[in-house]
Amino acid sequence: MPKDVARTSVFVGLLAYISARLSSKNRRHEGRNIMKLMAFVGSPRKGGNTDILIDKVIEGAKSKTEVEAEKIYLYEANIKYCNGCGLHTVLHGSKDCPLGDDMEGILQRMIAADAFIFGTPNHGRTISAAMT
């Protein structure tokens, strides 16, 4: 089996799983049954194969139910490495993260989301650096 076909079949399997979950997972948002879907693009190539396949998964989800989708391009997001300061933990009074990056907003939107899509190219037999 060609490598591109194998990678595509993984996304098709993901699409089938998300489609099956959509009918049972819908929550009411603003008085409507709508699926909030968050997609994380772990490729540095905007508009590349990973981005296209994520669009196809979103398109498949929209064919099953009403979907509000948000795509986050991880290579464009300002996400800094955690330095392990622990300020946001109960031990330090649950203070805000001092890094001041985009992660706080992303986490808040993740809490409100119903489902996630994680798309990454295969870099050296593993996920992309941004996806880690």
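These legends describe close-up views of a predicted model.

**View 1. An aromatic pair joins strands β2 and β4.** Phe 40 and Phe 116 form a tilted aromatic pair. Their ring centres are 6.4 Å apart, with 35° between the planes. Phe 40 belongs to strand β2 (residues 32-41). Phe 116 belongs to strand β4 (residues 115-119). The pair thus links distant parts of the chain, 76 residues apart. Phe 40 is buried, at 5% relative accessibility. Phe 116 is partly exposed, with a relative accessible area of 30%.

**View 2. Phe 40, Phe 116 and Phe 118 form one aromatic cluster.** The structure has three aromatic pairs by the criterion applied. The tilted pair of Phe 40 and Phe 116 is one of them.

**View 3. The largest nonpolar core has 12 residues.** Its members include Met 35, Leu 37, Ala 39 and Val 41. Ile 54, Val 57, Ile 58 and Ala 61 are also among them. Val 67, Tyr 73, Ala 115 and Ile 117 belong to this core as well. Strands β2, β3 (67-73) and β4 and helix α2 each supply at least two residues. Another core, of eight residues, lies apart from it. Phe 40, Ile 72, Leu 74 and Ala 113 are among its residues.

**View 4. Contacts around Ala 39, a member of the largest nonpolar core.** Ala 39 touches Ile 54, Ile 58 and Ile 117, among others. Its contacts also include Glu 70, Lys 71 and Ile 72. Residues up to four places away in sequence are not counted.

**View 5. Asp 51 is a buried residue in helix α2.** The helix spans residues 49-62. Asp 51 has 5% relative accessibility, so it counts as buried. Leaving out residues up to four places away in sequence, Asp 51 touches Val 41, Arg 45, Lys 46, Lys 71 and Tyr 73. Two of these contacts, Lys 46 and Tyr 73, reappear in the next view.

**View 6. Lys 46 lies over the face of Tyr 73.** The distance from the ring centre is 4.6 Å. Tyr 73 is also a member of the largest nonpolar core. Both Lys 46 and Tyr 73 touch Asp 51.

**View 7. Cys 85 and Cys 97 are not joined by a disulfide.** The count of disulfides is zero. The sulfur of Cys 85 is 6.1 Å from that of Cys 97, its closest cysteine sulfur, so the two are too far apart for a bond. The cut-off is 2.5 Å. Cys 85 is partly exposed, at 31% relative accessibility. Cys 97 is partly exposed too, at 36%.

Conventions:
Residues numbered from 1 in each chain as written. Predicted model: local features only at pLDDT ≥ 70, side-chain atom pairs only at ≥ 80, totals over all residues. Heavy atoms only, no water. Phe/Tyr/Trp six-rings, centres within 6.5 Å; stacked < 30°, edge-to-face > 60°. Helix = DSSP H or I, 4+ residues; strand = E, 2+ residues; numbered from the N terminus. Buried < 20%, exposed > 50% of the residue type's maximum accessible area, 1.4 Å probe, protein only. Lys NZ or Arg CZ within 6 Å of the ring centre and 35° of its normal. Contact = heavy atoms within 4.5 Å. Core = buried A, V, L, I, M, F, W, Y, C linked by side-chain atoms within 4.5 Å.
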